[in-house]
Amino acid sequence: MKTSQEKKQYIKQLCNDEGIIGALAIDQRGALKKMITKFKGSEAEEAEIVEFKEIVSSQLTKYASAILLDPEYGLPAAKVRAENAGLLLAYEKTGYDASTPGRLPDLLSVWSVKRLKEAGADACKFLLYYDVDEATEINNQKQAFIERIGSECQAENLPFFLELVSYDAKIADATSKEYAIKKPHKVNEMMKEFSNPRYGVDVLKVEVPVNMNYVEGYATGEVVHTQAEAANFFKEQAEATKLPFIFLSAGVKAELFQETLRFAKNSGSTFNGVLCGRATWANGVESYIVDGKDAAIEWMNTQGRKNIEELNAVLQETATPVQY
C-alpha cells in the first residue's frame with residue numbers, strides 16, 4: 001500500500017528537520033491518574049490530569065517534533081503546544097478488561113478517525129496488546145480490528161501509527177526473567193505480522209526487542225542475553241519490517257533509554273525515532289502535586305528539558321530519517 005502525498009505531508013509534520021521523529025508522549029490516562037493519586041494521597045481529579053498535560057505540552061513541545069495526546073483529557077494541551085510541533089491523537093480506550101481473556105482492544109466510543117482529524121491530528125495512534133502465541137480466535141479478532149482502523153485512516157488520508165505492546169498470556173510479570181527470554185520472539189514476530197499492507201499501518205511504534213535489564217553489561221542481576229545475542233535481535237527487528245518504526249520508552253529511566261538507543265544503532269537497527277513518555281516527564285508529577293503548578297513548570301524547564309534535549313542529541317547520532 002503506497003502512502004498518499006497527503007499522508008506524507010502529515011508525517012513530515014511529525015518529524016524534525018532531519019526527518020527523524022522525536023516525539024513526546026503524554027496520552028497516559030490510567031497510569032497518570034495512579035501517579036497523581038500516589039503523591040496526592042487521594043483520588044486524582046480530572047482538572048489535575050488536564051492541567052498537568054497542559055504544563056508538559058506548553059513547556060516541552062518547544063524541544064520535540066510532535067506530541068501524542070488523548071482526546072479525553074489532552075485537547076486543551078494540544079492547543080498550547082509549540083507551533084512547530086505535530087500532533088498525534090490516541091484512538092484507544094485506556095487499559096483493557098482484565099476479566100475477559102485476550103486483552104481485547106476497544107475504541108473511544110465518541111471518536112472516529114474523521115473526528116480525530118477534525119480535532120487537528122496529524123496522525124491516529126492506536127495501542128494494541130498482542131501475544132503472537134495466543135489462541136487464533138483471539139488474534140483473529142485483533143487482526144480484523146486493526147484492518148478496520150487501517151481502512152478508516154486510508155479513507156481519511158490520515159497516517160496510522162500502530163503501537164504494539166507484547167505480552168504472554170501465561171506470564172503475569174512482563175519484567176520477569178521468564179518473559180525476558182521470550183520477548184525477542186514476541187516483539188519481532190508481531191512486527192512482521194502488522195507490516196502486512198492489509199493493515200494499512202504507516203508507522204509502527206514498538207518496544208525494543210530485549211529487556212536491557214537482562215542483557216550482559218546492563219544487567220544488575222541475572223543475565224539472559226549476551227550483548228552479541230541482543231545485538232542480533234535488534235538487527236532481526238529492523239529486518240522484520242519495511243515500514244518506518246519508532247521506539248517507545250516503556251517507562252524506563254531516561255539514562256537507560258538513551259543507552260538502549262545507542263546499543264540499537266550499533267547493532268544495525270534502522271529505527272526512525274522515538275515516542276518517549278514517562279522517561280521524559282514522570283518525575284515532574286511529584287513537583288506538580290507536592291509543590292504546585294509553578295514548581296512543575298520550573299521542573300519541566302530544567303530537568304524535563306534536559307531529558308528531552310539529551311534524548312534529541314542521542315537521536316541525532318542513532319536514528320535513521322524516515323524515507324518513503
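**Notebook: pocket, cysteines and cores**

I began with the largest pocket of this predicted model, and I noted that helix 2 (30–40), strand 4 (123–130), strand 5 (160–166), helix 7 (177–194) and helix 9 (254–266) each supply at least two residues of its lining. I then looked up the volume of the largest pocket, which comes to about 1,300 Å³ of space. Of the 44 residues that line this pocket, I wrote down those closest to its centre, namely Tyr-129, Val-165, Leu-248, Ala-250 and Arg-278. When I sorted the lining by class, I found 19 nonpolar, 12 polar and 13 charged residues.

Next I turned to the cysteines and asked how many disulfides the structure holds. The number I found is 0. I reminded myself that a disulfide is a covalent bond between the sulfur atoms of two cysteines, and that the cut-off for counting a pair is a separation within 2.5 Å. Why does Cys-124 make no bond with Cys-153, the cysteine whose sulfur is closest? The two sulfurs are 4.1 Å apart, and I therefore recorded them as too far for a bond. For Cys-15, the closest cysteine sulfur belongs to Cys-276 and lies 16 Å away, so that pair is also too far for a bond. I checked burial as well: Cys-124 has 0% relative accessibility and counts as buried, and Cys-15, at 12%, counts as buried too, because the limit is under 20% relative accessible area.

My following entry concerns the nonpolar cores. The largest nonpolar core has 81 residues, and those with the most contacts inside it are Leu-162, Leu-204, Phe-247 and Trp-281. Helix 12 (residues 293–318) gives the largest share of this core, with 7 residues. I also found a second, separate core of 16 residues, which includes Leu-68, Leu-88, Ala-90 and Leu-275.

I then followed Trp-281 in detail, leaving aside its neighbours within four places in sequence, and listed its contacts as Leu-24, Ala-25, Ile-26, Gln-28, Leu-32, Met-35, Phe-52, Val-56, Trp-299 and Met-300.

Last, I looked at Thr-280, which lies in helix 10 (residues 278–281). Is Thr-280 buried or exposed? I recorded Thr-280 as buried, because its relative accessible area is 2%. Not counting residues up to four places away in sequence, I saw that Thr-280 touches Leu-24, Leu-60, Trp-299, Gly-304, Asn-307 and Ile-308. I marked Leu-24 and Trp-299 in my notes, since they appear in the contact lists of both Trp-281 and Thr-280.

How values were computed. Residues numbered from 1 in each chain as written. Predicted model: local features only at pLDDT ≥ 70, side-chain atom pairs only at ≥ 80, totals over all residues. Heavy atoms only, no water. 1 Å grid on protein atoms, 1.4 Å probe; cavity = no way out; pocket = protein on both sides within 12 Å on 5 of 7 lines; lining within 4 Å. Points joined across faces, edges and corners; volume = space filled by probe spheres on them. Helix = DSSP H or I, 4+ residues; strand = E, 2+ residues; numbered from the N terminus. Nonpolar A, V, L, I, M, F, W, Y, C, P; charged D, E, K, R; others polar. Buried < 20%, exposed > 50% of the residue type's maximum accessible area, 1.4 Å probe, protein only. Core = buried A, V, L, I, M, F, W, Y, C linked by side-chain atoms within 4.5 Å. Contact = heavy atoms within 4.5 Å.
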